[in-house]
Amino acid sequence: MLWARIACLWAAAFAGLHFYWAVGGDVGLSISAGPLATDRPLWFVLAGLWGVGALCLLGALLAWLLARAKLRGVPALLARWLGWGVSVLLLARGIGVELLLLTDTTRLDASVSGEQRAWTLVLWNPWFIAGGLAFGLATLRSSRRTDAEPPPPSSGHNGTTAPGPPRPCRRHTAIDRGAGSPR
């Protein structure tokens, strides 16, 4: 559950940051978005800020679902598939851009400043990698937890839950009969 909580906090923090930028905040946006931060075209505000913020909130919900112990069947399978997908997407974004910045800076878009490249390399990409790892570990823990749990009890013919293993009656235990106790 720890990794799911970390993934949930990661997604909620990114949602908050995107909503802050969407309502006009600018701290860190120029480093993240470059020239789009100053122009702020409508498509960028709607899709890139509000849209990504909403997706991050859905990611927080997914992480919360991965932490739920009672999630079983198709919902559990769907949550795990989505968890793996989010993990791969975040890791690919973080590692892919990181490798691109480290290996081929001469062919990158000239509108991206050296400062923006440096901050992306040092600040943003490690956060994407951390989010990808958190979602991956949360998903892994979720699948291990549900695989290790016994199946729910089967139903009897009248719709009631079948009884578990018989419990010894208190009057028939060895301690109550005095077996093994000194007199």
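Is F44 buried or exposed? At 9% relative accessibility, F44 counts as buried, because the limit for that class is under 20%. Its neighbour in the chain gives the opposite result: W43, at 56% relative accessibility, counts as exposed. The two rings nevertheless form an aromatic pair, with 6.0 Å from centre to centre and 75° between the planes, an edge-to-face arrangement. These values, like those that follow, come from a predicted model.

The overall layout can be stated briefly. The protein has seven helices and zero strands, so the order of elements from the N terminus reads α-α-α-α-α-α-α. Of its 183 residues, 30% count as buried. Taking the contacts between residues at least 6 apart in sequence, 68% join residues at least 24 apart.

The interior is best approached through its nonpolar cores. The largest of them has 20 residues, and W10 and F135 are the ones with the most contacts inside it. Helix α1, together with α4 (42–67), α5 (73–103) and α6 (114–148), are the elements that give two or more residues to this core. A second core, separate from the largest, has 10 residues, including W21, A22, L29 and A33.

F135 shows how parts of the chain that are distant in sequence are brought into contact. Leaving aside the neighbours within four places in sequence, F135 is in contact with A7, W10 and A11, with G59, L62 and A63, and with G83, V86, S87 and L90. S87, one of these partners, belongs to helix α5. At 4% relative accessibility, S87 counts as buried. With sequence neighbours within four places again left out, S87 is in contact with G132, F135 and G136.

L82 is also found in helix α5, but its exposure falls in another class: at 45% relative accessibility, L82 counts as partly exposed. L82 and A63 are 19 residues apart in sequence, and the distance from C-alpha to C-alpha is 9.7 Å.

W10, already met in the largest core, leads on to the aromatic residues. The structure holds six aromatic pairs. In one of them, the rings of W10 and F14 have their centres 4.3 Å apart and their planes at 20°, so the pair is stacked. Both residues lie in helix α1 (residues 2–22), four residues apart, which is about one turn of the helix. W10 and F14 are both buried. Ring pairs also extend beyond these two residues, linking W10, F14, F128 and F135 into a cluster.

F128, a member of that cluster, has a charged group over its ring as well. The charged end of R93 sits over the ring of F128, 4.0 Å from the ring centre. What joins the side chains of R93 and N125? A polar contact of 2.4 Å does. R93 therefore has two partners described here, the ring of F128 by way of its charged end and the side chain of N125 by way of a polar contact. N125 is found in helix α6, and at 0% relative accessibility it counts as buried.

The cysteines come next. A search of the whole structure finds zero disulfides, so no pair of cysteine sulfur atoms lies within 2.5 Å. C8 is partly exposed, with a relative accessible area of 23%. C56, by contrast, counts as buried at 10% relative accessibility.

One point of backbone geometry remains. Most residues other than glycine have a negative phi. R40 is not a glycine, yet it has a positive phi of about 45°. Where is R40 placed? It lies in the loop between α3 (35–39) and α4. R40 is partly exposed, with a relative accessible area of 23%.

How values were computed. Residues numbered from 1 in each chain as written. Predicted model: local features only at pLDDT ≥ 70, side-chain atom pairs only at ≥ 80, totals over all residues. Heavy atoms only, no water. Phe/Tyr/Trp six-rings, centres within 6.5 Å; stacked < 30°, edge-to-face > 60°. Buried < 20%, exposed > 50% of the residue type's maximum accessible area, 1.4 Å probe, protein only. Lys NZ or Arg CZ within 6 Å of the ring centre and 35° of its normal. Core = buried A, V, L, I, M, F, W, Y, C linked by side-chain atoms within 4.5 Å. Contact = heavy atoms within 4.5 Å. Polar contact = N/O pair within 3.5 Å; in protein donor to acceptor, adjacent residues only side chain to side chain.
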